[in-house]
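Welcome, and please have the viewer open beside the sequence. We will start at the ligand and then walk through two sheets.

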Amino acid sequence: MTSPVWHPFTQHGLREPIPPVERAEGAALYTKDGARIIDAISSWWVTTHGHCHPRIMAAIAAQAGRLDQIIFAGWTHEPAETLAQGLVALAPSGLTRVFFSDSGSTSVEVALKMALGFWAHGKTPRHRIVVMQHSYHGDTIGAMSVGARGVFNRAYAPLLFDVATVPFPSVGATQATLDALEAECRAGAAAFIVEPLILGAGGMLIYPPTILAEMCAICRRYGVLFIADEVMTGWGRTGTLLACQQAAVVPDILCLSKGLTGGAVPLAVTLASEAIFEAHLSQDRARMFFHSSSYTANPIACAAANANLAVWREEPVLARIAELEERQQQALDRLAAALPIAGPRRLGTIAAFEVGAADSDYLADIAPRAMAFCRERGVLLRPLGNTFYVMPPYCIDDADLSRIYGAISEFIERLDREGRSGLRC
Ligand SMILES: *Cc1c(COP(=O)(O)O)cnc(C)c1O
């Protein structure tokens, strides 16, 4: 019998295998037929410390025995209150309000609605959102609207709202980004939304903290709201708890999800400045923030996030990350010295590089081929086109990290041999 499941980002017509995973521990997944698979992409960027962290699992179990779910409009509960306080204490000072939702995309929708609400309730409404070229902010209509347009959202393009796009600040061309942003700010933009320091789905594109700081300063100068989408970059991925910290930037609105629960269960938050909260504060019910989802601040998810915060407070997470950064750099250096990869780069725990030329027909199916090749060798990899990246959980050991780079090397060598012999398979 064929499965009725419709998988995300999956072309079922190609009938590629979809292996069932039964359990996970640390950096490893175990399939139903007993194979051990190293999770080289942190299960799509969510798993931070490692799979099934005992402390987070225990918190989920304990909370599940007490309170499963409660409407969050007009009611509250201890896990959400504790989490909100913990997040305000961790976040850059000035972010004093916490709004809960359940995915990165919804945290972005909430951020956009907060920003538009801020202006709608003010004296001079503003509507225009400024975005960065190659950005990704999620797959709902609003999140797609502020993200890069392409094959992923072509079918919906007529329904996506207009935004102003500034170029990605590539090396040697950063002034163009700053100038474009300044022009949009001067023209009365409502908000600028950006992934700090590294654009994830756009191809692991890295830009320096100085540019992030300058972009934030420009927004400040014109009173344009600065929205940091740290859905991927948050929770240590870039070497610090938040990427914004490396530029000493305090956004007006901050989106967090993925690693918020250590990657165990879905939860998201949108943090806002007091000014944004106050713009919605009134005796008038028509000015409240009109947003909710059924599972807003689900107690079990909040308990998992509280356990994650405790792990951050009590375990040497940053030291573990610093050590992984070093091992990633060494592995990347070795790969770059041995094989024809392009643009090797690293930010925090993330290593990325390109294999072959992006526009080559021959390489059009390089990502699915690499995925299948690595899967057969016990490694979960999922390149973005011809951009390969390794983003493992922080607990990964040397042996597993070497196996990841070993599988990648073997794949590139094979590709190279085929290329030279003019073969295609
Ligand atoms: C993954 C991601 C999102 C969307 O998060 P979901 O939980 O998949 O909806 C938004 N922004 C960035 C930067 C992301 O990497």
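## The ligand site

A polar contact here is a pair of N or O atoms within 3.5 Å; within protein, one must be able to donate a hydrogen and the other to accept it, and residues adjacent in sequence count only if both atoms are side-chain atoms. With that in hand, look at D229: a polar atom of its side chain sits 2.7 Å from a nitrogen atom of the ligand. K258 places a polar side-chain atom 2.7 Å from an oxygen atom of the ligand, and for S105 the distance from a side-chain N or O atom to a ligand oxygen is 2.6 Å. The ligand taken alone exposes 380 Å², and the protein buries 84% of that (accessible areas by the Shrake-Rupley method with a 1.4 Å probe; for residues, only the protein chains shown count as cover).

Which residues are around the ligand? They are W45, S103, G104, S105, Y136, H137, G138, E195, D229, V231, M232 and K258, where near means that one heavy atom of the residue lies within 4 Å of the molecule or strand in question. Sorted by class, this shell has 4 nonpolar, 5 polar and 3 charged residues; Ala, Val, Leu, Ile, Met, Phe, Trp, Tyr, Cys and Pro count as nonpolar, Asp, Glu, Lys and Arg as charged, and the others, Gly among them, as polar.

## About the model

This is a predicted model: local features need pLDDT of at least 70, side-chain atom pairs count only at pLDDT 80 or more, and totals for chains, interfaces and linings use all residues. Residues are numbered from 1 along each chain as its sequence is written, and side-chain values use heavy atoms, leaving out hydrogens and water.

## The sheet of 7 strands

Helices (H or I, at least four residues) and strands (E, at least two) are DSSP runs numbered from the N terminus, and two strands pair if DSSP finds at least two bridges between them. One open sheet has 7 strands in the order 4-12-11-10-7-5-6, with mixed pairing. Its edges are strand 4 (95–101) and strand 6 (164–166), each pairing on one side only.

Strand 4 runs antiparallel to strand 12 (residues 268–273), joined by 6 bridges; R97 has A272 as its bridge partner there.

## The sheet of 3 strands

A second open sheet follows the order 13-14-16 with antiparallel pairing. Strand 13 (341–347) and strand 16 (387–390) are its edge strands. Between strand 13 and strand 14 (residues 350–355) there are 5 bridges, and L347 stands opposite I350.
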